[in-house]
Amino acid sequence: MTFVDAPAKARRTAGVIPLHGAEGFAGMRKAGALTAQALDILTDYVEPGVPTATIDKIAYEFARDNGAVPATLFYKGYRHSLCTSINHVVCHGIPDERALRDGDIVNIDLTLVVDGWHGDSSRMYPVGEISRKAERLIEITYASLEAGLAAAIPGNTTGDIGHAIQTLAEAERMSVVRDFVGHGLGQLFHDEPNILHFGKPGTGVPLKPGMIFTIEPMINLGRPDVKILSDGWTAVTRDRTLSAQCEHSIGITETGHEIFTLSPGGLFNPLAVRAA
Ligand code: MF3
Ligand code: CO
Ligand code: CO
């Protein structure tokens, strides 16, 4: 493994981890803030009866009006501005004309590109009244991200992050999805290193100031196994149990980390908002 100063427009190179400076952090701050603002605005539209295509359109227009581009639009053949993953959909759910229903839980995952920098974040949105087990799943998914974040400090390794997430989720008899991982990002959407949401302490890549990556655990109520539907994107739990996810983009600093995608309205965790 090697570390390099993050060059502009670099390609992803296996085992080469970019270290970003002040310019990268400034770029990520702006992109992350706009993504978080968009996710805040979408809160009002997540209601029974609303098709996910409507949510996609609102995000597209918000990006356009704010000088940003949704990173997923035309990414590897994907044709939408965000992903909407409902109930047993683990990730990469495709927005469509079907309406949200009372009791659904939906993850909205949005990446806005601002001045070339990628702000990638996702949250859970309850639709109307949700079940107690759905609530518990969301609670634990957020707590697992928090546990991962607490381990994201220089001197630790990527394995420490994964271990913290896995330990918390499995203590609640929930499971961690293995097939999708967090990732480095910056001027690239997906860069080194991979951030596994499971693992052993002290393994993986040492965390160094200047590393920029996402943490985005997917937690299932049942088994961790996933399958991809015939559309080539939608990932679902094999046992059809509920799945939840939340994601922040962060940068490792000298003393800890900076979260680039904090909600300006304090809306990141919907259950904390409802309890307030
Ligand atoms: N935003 C997702 C991530 O967290 C990637 C979505 S790629 C798509 O990395 F093409 F499915 F939209
Ligand atoms: Co994302
Ligand atoms: Co991501």
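Colleague: In which strand is P193 found?
Modeller: This is a predicted model, and P193 sits in a stretch covering residues 191–195. That stretch is strand β10.

Colleague: What is omega for the peptide bond from E192 to P193?
Modeller: Most peptide bonds are trans. The bond from E192 to P193 is cis. Its omega is near -5°.

Colleague: What value is phi of H92 near?
Modeller: H92 belongs to the loop between β5 (89–91) and β6. Its relative accessible area is 25%, so it counts as partly exposed. Most residues other than glycine have a negative phi. H92 is not a glycine, yet its phi is positive, near 60°.

Colleague: Is R240 buried or exposed?
Modeller: R240 lies in the loop between β14 (235–237) and β15. It also has a positive phi, about 65°, without being a glycine. The cut-off for exposed is over 50% relative accessible area. R240 reaches 61%, so it is exposed.

Colleague: Which residues are the protein donors of the cobalt ion (ligand 3)?
Modeller: The donor atoms lie 2.0 to 2.2 Å from the ion. They are an OD, an NE2 and two OE atoms. In order, the residues are D120, H183, E216 and E247.

Colleague: Why is the arrangement around the cobalt ion (ligand 3) irregular?
Modeller: Six donor atoms surround this ion. Six count as octahedral if opposite donors are over 155 degrees apart and all others between 65 and 115. Here the arrangement is irregular because the angles run from 52 to 160°.

Colleague: How are the donor residues of the cobalt ion (ligand 3) spaced in sequence?
Modeller: The order is an aspartate, a histidine and two glutamates. D120 lies in strand β7 (residues 117–126) and E247 in the loop between β15 (243–245) and β16 (248–252), so this pair ties together parts 127 residues apart in sequence. The full spacing is D-x62-H-x32-E-x30-E.

Colleague: Which residues supply the protein donors of the cobalt ion (ligand 2)?
Modeller: Their donor atoms lie 2.1 to 2.4 Å from the ion. D109 is listed twice, each time through an OD atom. The residues are D109, D120 and E247.

Colleague: How many donor atoms does the irregular site of the cobalt ion (ligand 2) have?
Modeller: The donor residues follow the spacing D-x10-D-x126-E. D109 in strand β6 (residues 105–114) and E247 in the loop between β15 and β16 link parts of the chain 138 residues apart. Angles at this irregular site run from 58 to 168°. The number of donor atoms is six.

Colleague: Which residue bridges the cobalt ion (ligand 2) and the cobalt ion (ligand 3)?
Modeller: The two ions lie 3.3 Å apart. One residue coordinates both. That bridge is D120.

Colleague: What is the relative accessible area of E247?
Modeller: Buried means under 20%. D109 has 12%, so it is buried, and D120 at 3% is buried as well. E247 is also buried, with a relative accessible area of 0%.

Colleague: Are α1 and α2 parallel or oblique to each other?
Modeller: The axes of α1 (residues 22–42) and α2 (residues 52–65) come within 10 Å and cross at roughly 140°. Roughly antiparallel needs over 145 degrees. α1 and α2 are therefore oblique.

Colleague: Which residues of α2 make the contact?
Modeller: α1 passes α2 in a right-handed crossing. From α1 come L34, Q37, A38, I41 and L42. α2 contributes I55, I58, A59 and F62.

Colleague: What separates the C-alpha atoms of L42 and I58?
Modeller: L42 lies in helix α1 and is buried, at 1% relative accessibility. Leaving aside residues up to four places away in sequence, L42 touches I55, I58, A59, L82, I108 and Y125. L42 and I58 are 16 residues apart along the chain, and their C-alpha atoms are separated by 7.6 Å.

Colleague: Are α3 and α4 roughly parallel or roughly antiparallel to each other?
Modeller: The axes of α3 (residues 132–150) and α4 (residues 158–171) come within 8 Å. I140, A143, S144, A147 and G148 meet I161, A164, I165, L168 and A169 across this right-handed crossing. The crossing angle is roughly 150°. The two helices are therefore roughly antiparallel.

Note on methods. Residues numbered from 1 in each chain as written. Chains lettered and ligands numbered in written order. Predicted model: local features only at pLDDT ≥ 70, side-chain atom pairs only at ≥ 80, totals over all residues. Heavy atoms only, no water. Donors = N, O, S within 2.8 Å, 3.2 Å for Na, K, Ca; no water. Tetrahedral: all angles 85-135°; square planar, octahedral: opposite > 155°, others 65-115°. Helix = DSSP H or I, 4+ residues; strand = E, 2+ residues; numbered from the N terminus. Buried < 20%, exposed > 50% of the residue type's maximum accessible area, 1.4 Å probe, protein only. Axes fitted to C-alpha atoms, helices over the stretch in contact; angles between N-to-C directions. Parallel < 35°, antiparallel > 145°, perpendicular 65-115°, else oblique. Left-handed = near helix turned anticlockwise from the far one by under 90°. Contact = heavy atoms within 4.5 Å.
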